[in-house]
Amino acid sequence: MTADHFQPSEMSFLYVTVPNMDMARVIAGGAIGEKLAACANVLPQMTAIYEWDGDVEEESELIVILKTAKSTASALAKWIEDNHPYEVPCILEIPLGRGNHDYVNWLQKQMGSRSRLM
């Protein structure tokens with residue numbers, strides 16, 4: 001890939017864990033339908049081990065990765081909190097650096113005026 005095909009973006013990933021595929025579809029489909037995310041990837045079946053209320057818990061979860069504009073990440077996180085079943089959902093923003101030109105352009109087109117090149 002040449003330098004002219006690799007460009008910066010004003011996009012972020014939101015990494016979100018969910019308990020099952022039904023909730024993954026709610027989060028992914030709803031975020032896209034509300035124009036808060038350009039697209040989503042659902043990664044199936046992982047095991048989460050964590051402490052909650054003094055006990056070590058182990059649960060099966062899925063990961064939803066939402067691709068959004070940095071300027072929309074906070075609104076998307078709020079929407080997820082409002083629609084997520086967990087008392088304390090995992091919502092982490094991961095800023096994106098650069099990506100291949102055509103894909104970055106597509107992401108930005110999906111986000112419309114919410115996304116701009118650096």
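Hi everyone, let's start from the outside: the protein chain exposes about 7,000 Å², and carbon and sulfur atoms supply 53% of that area. Please keep in mind that this is a predicted model.

Now the overall picture. The protein chain has 118 residues, and 35% of them count as buried. Its C-alpha atoms fill a box of roughly 50 × 30 × 20 Å along the principal axes. As for secondary structure, there are 3 helices and 6 strands. If you walk along from the N terminus, you meet them in the order β-β-α-β-β-α-β-β-α. And when we take contacts with a separation of 6 or more, 77% of them are between residues 24 or more positions apart.

Let's turn to helix α1, residues 21-33. How far apart should its ends be? With 13 residues at 1.5 Å a residue, the helix should span 18 Å, and its end C-alpha atoms are 17 Å apart, which agrees. Which residues of α1 are buried? They are M23, A24, I27, A28 and A31. Seen down the axis of α1, these buried residues fall within an arc of 125 degrees, so they line one face of the helix. It helps to remember that an α-helix has 3.6 residues a turn, so residues three or four places apart point the same way. On the other side of α1 we find D22, R25 and G33, which are exposed. And what do the buried residues of α1 pack against? Their partners are strands β2 (11-18), β3 (39-52) and β4 (55-69), together with helix α2.

That brings us to α2, which covers residues 73-83. Here the buried residues are A73, L76, A77, W79 and I80. They cover an arc of only 160 degrees around the axis, which puts them on the same side of α2. S74 and D82, on the other side of this helix, are exposed. The buried residues of α2 pack against β2, α1, β4 and β5.

While we are on α2, here is a little detail I like. How many salt bridges does a search of the whole structure find? It finds 1. The salt bridge joins K78 and D82, with their closest N and O atoms 2.8 Å apart. In general, side chains of opposite charge can pair when their charged atoms come close. K78 and D82 are 4 residues apart in helix α2, so about one helical turn separates them. K78 counts as partly exposed because its relative accessibility is 46%, and D82 is exposed, with a relative accessible area of 53%.

Next, let me take you to one residue in a strand. T17 is found in β2. Is T17 buried or exposed? Its relative accessibility is 5%, so T17 counts as buried. Leaving out residues up to four places away in sequence, T17 touches M46, E61, L62, H84, Y86 and C90.

Finally, back to the surface. Y50, W52 and V88 form a nonpolar patch there, and together they have about 280 Å² of accessible area. Where does V88 sit? Its place is in the loop between α2 and β5 (91-95). V88 counts as exposed, because its relative accessibility is 54%.

So, if you open the model after this talk, try finding the buried face of α1, then the salt bridge between K78 and D82, and then the nonpolar patch of Y50, W52 and V88. Thanks for listening!

Methods. Residues are numbered from 1 along each chain as its sequence is written. This is a predicted model: local features need pLDDT of at least 70, side-chain atom pairs count only at pLDDT 80 or more; totals for chains, interfaces and linings use all residues. Side-chain values use heavy atoms; hydrogens and water are left out. Patches are made of residues with over 30% relative accessible area and no salt bridge: like charges are joined within 9 Å, nonpolar side chains (Val, Leu, Ile, Met, Phe, Trp, Tyr) within 5 Å. Accessible areas come from the Shrake-Rupley method with a 1.4 Å probe; for residues, only the protein chains shown count as cover. A salt bridge is a side-chain nitrogen of Lys or Arg within 4 Å of a carboxyl oxygen of Asp or Glu. Helices (H or I, at least four residues) and strands (E, at least two) are DSSP runs, numbered from the N terminus. Buried means under 20% relative accessible area, exposed over 50%, partly exposed in between (1.4 Å probe, protein chains only). The expected span of a helix is 1.5 Å times one less than its number of residues. The arc is that of the directions from the helix axis to the C-beta atoms. Contact means heavy atoms within 4.5 Å.
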